[in-house]
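Welcome! Please take a moment with the sequence and the 3D view, and then we can walk through the fold together.

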Amino acid sequence: MKIYKTDQIRNIALIGNAGSGKTTLAEAMLFEGGVINRRGEVSSQNTVSDYLPIEHDYGNSVFSTVLHSFCNDKKINIIDTPGMDDFRGSVVSALHVVGSAIVTINTPHGIEAGTESVCLHTEKAGKPMIFVFNQLDHENVNFEQTVDQAKSIFGNKVTVVQYPVNAGPGFDSIIDVLKMKLYKYPADGGKPEILEIPDDEKERADELHNELVEMAAENDEALMELYFEKGSLSEDEMRQGIKLGMIDRSLFPVFCAAAKHNMGVGRLLEFIANITPSPAEAVEVPEINGKEVKKGEDAPTSLMVFKTTIEQHVGEITYFKVMSGTVKEGQDLIIAKNGNKERISQLFVSAGKNRTKVAAMTAGDIGATVKMKDVNVNNSLSEKSAGYKFAEIKFPPSRHTVALKAVNEADEEKISESFQKLHDQDPTYIVEYSKELKQMLVHCQGEYHLNTLKWFYNNEYKLDIEFDKPKIPYRETITKLAQADYRHKKQSGGAGQFGEVHLFIEPYIDGVEPKTLVSMNGKEQKLSIRDTQEYPLSWGGKLIFHNCIVGGSIDARFLPAILKGIMEKMEEGPLTGSYARDIRVYVYDGKMHPVDSNEISFKLAGRNAFSQAFKNAGPKILEPIYNLEVFVQSDRMGDVMSDLQGRRALIMGMGSERGFEKINAKVPLKEMHKYITALSSLTQGRGSFSIAFDGYEKVPQEVQEELLAAYAAEQEED
């Protein structure tokens with residue numbers, strides 16, 4: 001394969017709702033470009049994209065697939081992305097490295113929830129969009145209605161470049177108002193006959209042509225002057241204006257296709273080759289240290305890794321974009337994250353699982369390599385002289401969490417190892433072991449995403465796993481002053497154990513001074529604070545430890561042991577075993593024995609005195625509260641609000657944004673389990689949300705009683 005220069009390369013991502021025909025369109029694009037000589041079908045499981053066993057089982061894309069095609073001496077790199085919103089991480093990573101997005105529309109269904117979602121990702125990435133109204137050969141197609149719907153959502157930037165003459169069964173003709181020609185296709189698709197526009201379509205075509213000319217002219221002052229001067233623009237001038245409008249995201253062209261029958265695909269490829277921005281013109285990934293990245297083929301070489309996958313008999317495959325210079329087989333590059341050297345042993349151009357070996361690739365191209373030892377997604381590699389580090393892909397935050405455990409405990413280590421492989425392929429899978437909850441927690445995008453994880457464990461790794469509801473990281477604290485004393489005494493022949501501790505505890509409130517006099521049960525106790533130790537706790541809050549011992553009733557060498565006993569109980573709170581926080585402790589008296597007192601005695605005495613005092617100090621359970629932001633269509637607002645109220649949410653405000661109603665609320669984490677599923681059901685898949693930790697608040701009394709009863713039952717079982 002020839003080496004394509006930067007200005008000969010176009011990079012696009014195929015994005016859209018599940019079922020909109022992305023993979024079928026990709027197949028037709030490869031066929032038109034001569035990469036394949038026969039078009040496969042998703043239903044026959046023989047497409048170049050969607051080649052993994054799980055994708056055959058599911059009948060849709062699970063991972064993005066890197067492909068390529070050719071047109072007009074241009075190489076067009078294509079990333080076919082999954083349509084299910086649970087796999088949106090693949091959409092985000094693809095948009096990070098391409099110049100433009102092709103948004104496929106299932107025209108009979110109109111603008112679907114997934115369409116809106118992926119278009120929002122293009123907005124965040126600042127990437128141009130081309131709408132392809134696909135499946136125009138199906139029943140119930142209303143092209144004009146779908147265009148109007150698109151304009152109502154995305155604005156008048158949506159601009160018709162093509163429209164169908166006879167949409168529906170029997171569809172075979174498209175009018176292109178940029179070329180001002182009619183494309184008539186054979187019954188089985190392929191190369192069209194290019195004809196003049198019929199008289200009965202001339203008026204409509206002229207009207208749409210003029211609209212396109214105006215939209216193109218608006219993007220450049222010189223073009224606008226030409227338009228005013230001539231009353232029109234040439235095709236080349238229109239191309240220039242359309243490209244500028246696309247880069248500026250002020251123009252979203254609309255194309256027509258019936259990809260399954262290869263109608264409209266060749267002309268779409270022409271438009272991509274002729275008008276979409278090359279890597280030199282497109283919005284590129286910035287270098288985070290502010291270094292200037294020269295894009296010429298002779299500049300220092302640099303790469304950015306955006307995807308890895310593992311294939312049987314091949315191992316790990318690393319996909320990258322050449323950010324600058326020319327990468328060559330056998331070249332050594334430096335990994336920015338650790339300074340290690342990595343050799344590019346082989347270079348490939350990918351078409352799904354088919355890879356063609358090449359000797360070199362230039363800036364802007366997308367390629368693959370194998371056998372890289374220490375390279376993951378988001379790694380930057382470059383020649384030592386350059387030292388570039390590129391902005392990382394910001395993967396979407398998790399929306400669903402479950403506890404994962406092995407059915408067979410002996411498999412736990414294998415499960416951890418295999419999860420790392422899955423995370424490398426899909427970084428939106430995140431796992432953590434919670435020491436506090438004693439659970440392995442998996443954070444993912446939704447239940448479909450989770451079921452995919454289970455498929456891999458069952459089919460690829462042959463490991464049995466099960467999911468459980470995650471425990472909630474509650475906290476315990478106190479609401480009032482309390483006193484306790486405890487004597488630990490043990491005698492079993494020879495030296496015994498003896499330690500006695502008297503203490504007060506009270507809530508710690510930032511900015512409140514410690515007490516020097518305590519009144520309790522009609523008695524007053526003066527507190528002479530001799531030493532104070534403040535401990536910020538890793539789980540939040542503080543422990544303040546005051547040494548108020550006078551007269552040597554407890555030797556100073558035993559105070560660390562008392563503190564250790566208290567800290568142990570802070571790590572396993574007296575109410576539910578949850579972490580305790582925000583407590584001030586005054587150790588003011590006690591007793592010791594000249595022979596039997598030791599550190600273990602005072603640790604146990606301090607631990608038990610603290611536990612007793614805690615239970616008398618108005619103990620309260622705290623629960624984690626999250627800030628919730630929900631986007632929902634207006635006609636579903638009432639249902640979503642009712643659901644939130646049932647989840648003990650506190651509505652903080654409402655507004656409008658991006659054509660949706662926005663609800664801001666505070667909601668307990670306990671009530672958010674499977675919220676993504678509930679919201680999708682309530683909003684027909686169009687609702688979205690984000691959450692962020694806010695703080696801890698006291699649980700209602702009835703909830704506390706439920707938690708105490710559940711903990712007591714759990715202790716009895718143990």
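## The open sheet

In this predicted model, 7 strands form an open sheet with mixed pairing, in the order E2-E3-E1-E4-E5-E11-E6. At its edges are strand E2 (65-71) and strand E6 (158-160), each pairing on one side only. From one strand to the next, the twist averages 30 degrees. Strands here are DSSP runs (E, at least two residues), as helices are (H or I, at least four), numbered from the N terminus; two strands pair if DSSP finds at least two bridges between them.

Strands E2 and E3 (residues 74-80) run antiparallel and are joined by 7 bridges. Among these, Thr65 has Asp80 in E3 as its bridge partner.

## A helix across the sheet

Helix H4 (residues 113-125) lies across strands E1 (9-16), E4 (100-106) and E5 (129-134), running at about 170 degrees to E4. Such angles run from 0 to 180 degrees between N-to-C directions, with axes fitted to C-alpha atoms, for helices over the stretch in contact (contact means heavy atoms within 4.5 Å).

## The whole chain

The protein chain holds 16 helices and 38 strands. Its C-alpha atoms fill a box of roughly 110 × 60 × 50 Å along the principal axes. Of its 718 residues, 53% count as buried (under 20% relative accessible area, with a 1.4 Å probe and protein chains only).

## How to read the values

Residues are numbered from 1 along each chain as its sequence is written, and side-chain values use heavy atoms, leaving out hydrogens and water. Local features need pLDDT of at least 70 and side-chain atom pairs count only at pLDDT 80 or more, while totals for chains, interfaces and linings use all residues.

Conventions:
Buried means under 20% relative accessible area, exposed over 50%, partly exposed in between (1.4 Å probe, protein chains only).
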